[in-house]
Amino acid sequence: MSLNTETLNTILAPYIRSLTDGETAENGVWEAINCFGTNWDIDAVDFPAMFAQATQQAHAVMDTPALQPIGGMQALMMRPTEVELVRECFRWLFNDDDGDLKKRQGRVEMFADQVNGRLRRCLPRMAKFTQTAGSAALYLSLLEPEDNYFFVPAEAKAWAAYFGYDEDFGTGAAFNLTQYYAMCDDLLNELPKYDELTRMHTERLKNTMHGINDQLHLLVYDIMHSAYVNGYYPKGLFPHGNRQGTHQGRETESRARRPVHADRRKG
């Protein structure tokens, strides 16, 4: 749908001011993407070591005490017999789908089902290691941020409520990728109207991500994230939210960033 310009400006005006002032709510997601894209190699001889290196910044974005998808992958791969299954699950998850989101939805669900089947067999009492469709979609966002959108349930629901979307994106296994991406696309389609905003975003990527071309997908996520954690919504609209922080309700400290190489897509 087309977003109401006046309503959108109530969010973008303080967001643009924050960029102008050199502030950012960026919560470790960019660092996680940078690290993952630099280190990911589906054909690595030592796949568990490569996975650990690629996801070292993503723990703070994806893992919580209650649910640890990355930790689950690492625990599963401590069994040498499971390493190749995990590798092939990722190979299949990262298949090109030419933008077919229904296929992508199917892949994230199948990925979770396949890995969880092995987890239940090998680590039956470790429910916290469960993979969900939502966590599988986050792996896609780490590798290809230009084609995917990071999903944080509370932040997405706040945006949907404010702009009048009635979809329920679901969480965990019920995550509806196609509906969430459609809402993100609505914001994406409005951004070319804001030349200064897109210019500042591109400059920020040049300074922090070596000019990665995110097709403004990271900007979409950062706006939603900032609106939630910085309280850009009207006071009282989300009495239990607004300053809960990152994907897992915590901020991560800035870390040294690795360069994103031209060959960042190895798998």
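**Exercise 1. Which residues do ring pairs link into a cluster?**

Solution. Keep in mind that this is a predicted model.

Step 1: begin with the whole structure, where a search finds 23 aromatic pairs.

Step 2: follow the ring pairs that join up. They link F36, W40, F47, F51, F90, F94, F111 and Y139 into a cluster.

**Exercise 2. Describe the pair of F90 and F111, and work out why it ties together separate parts of the chain.**

Solution. A pair of aromatic rings is described by two values, the distance of the centres and the angle of the planes.

Step 1: for F90 and F111, the centres are 5.0 Å apart and the planes make an angle of 65°.

Step 2: edge-to-face requires an angle over 60 degrees, and the F90–F111 pair is indeed classed as edge-to-face.

Step 3: place the residues. F90 belongs to helix α6 (residues 83-93) and F111 to helix α7 (residues 101-122), so their pairing ties together parts 21 residues apart in sequence.

Step 4: check burial. Both F90 and F111 are buried.

**Exercise 3. Now take F90 with Y139: find the geometry of the pair and the helices it links.**

Solution. Step 1: the centre-to-centre distance is 5.0 Å and the angle between the planes is 80°, making the F90–Y139 pair edge-to-face.

Step 2: this pair links distant parts of the chain, with F90 in helix α6 and Y139 in helix α8 (residues 133-143), 49 residues apart.

Step 3: F90 and Y139 are both buried. They also appear in the largest nonpolar core, which has 86 residues; W40, F90, Y139, W159, Y180 and I223 touch the most other members.

Step 4: ask which helix gives the most to this core. That is α12 (residues 217-229), with nine residues.

**Exercise 4. Characterise the packing of α7 and α8.**

Solution. Step 1: the two helices pack at an angle of about 115°, and their axes are 8 Å apart.

Step 2: the crossing of α7 and α8 is right-handed.

Step 3: list the contact residues. From α7 come R104, R107, V108, E109, F111 and A112, while α8 supplies A133, A136, A137, Y139 and L140.

Step 4: sort them by class. The α7–α8 contact has eight nonpolar and three charged residues, with no polar ones.

**Exercise 5. Where does N176 lie, and what is it in contact with beyond its sequence neighbours?**

Solution. Step 1: N176 sits in the loop between α9 (153-163) and α10 (177-190).

Step 2: setting aside neighbours within four places in sequence, N176 is in contact with Q105 and F169.

Step 3: compare with A133, 43 residues away from N176 along the chain; their C-alpha atoms are separated by 8.4 Å.

Definitions and conventions
Residues are numbered from 1 along each chain as its sequence is written. This is a predicted model: local features need pLDDT of at least 70, side-chain atom pairs count only at pLDDT 80 or more; totals for chains, interfaces and linings use all residues. Side-chain values use heavy atoms; hydrogens and water are left out. A nonpolar core is a set of buried Ala, Val, Leu, Ile, Met, Phe, Trp, Tyr and Cys residues joined through side-chain atoms within 4.5 Å. Buried means under 20% relative accessible area, exposed over 50%, partly exposed in between (1.4 Å probe, protein chains only). Helices (H or I, at least four residues) and strands (E, at least two) are DSSP runs, numbered from the N terminus. Rings of Phe, Tyr and Trp (its six-membered ring) pair if their centres lie within 6.5 Å; planes under 30 degrees apart count as stacked, over 60 as edge-to-face and the rest as tilted. Axes are lines fitted to C-alpha atoms, for helices over the stretch in contact, and angles run from 0 to 180 degrees between N-to-C directions. A crossing is left-handed if the near helix is turned anticlockwise from the far one by less than a right angle, and right-handed if clockwise. Contact means heavy atoms within 4.5 Å. Ala, Val, Leu, Ile, Met, Phe, Trp, Tyr, Cys and Pro count as nonpolar, Asp, Glu, Lys and Arg as charged, and the others, Gly among them, as polar.
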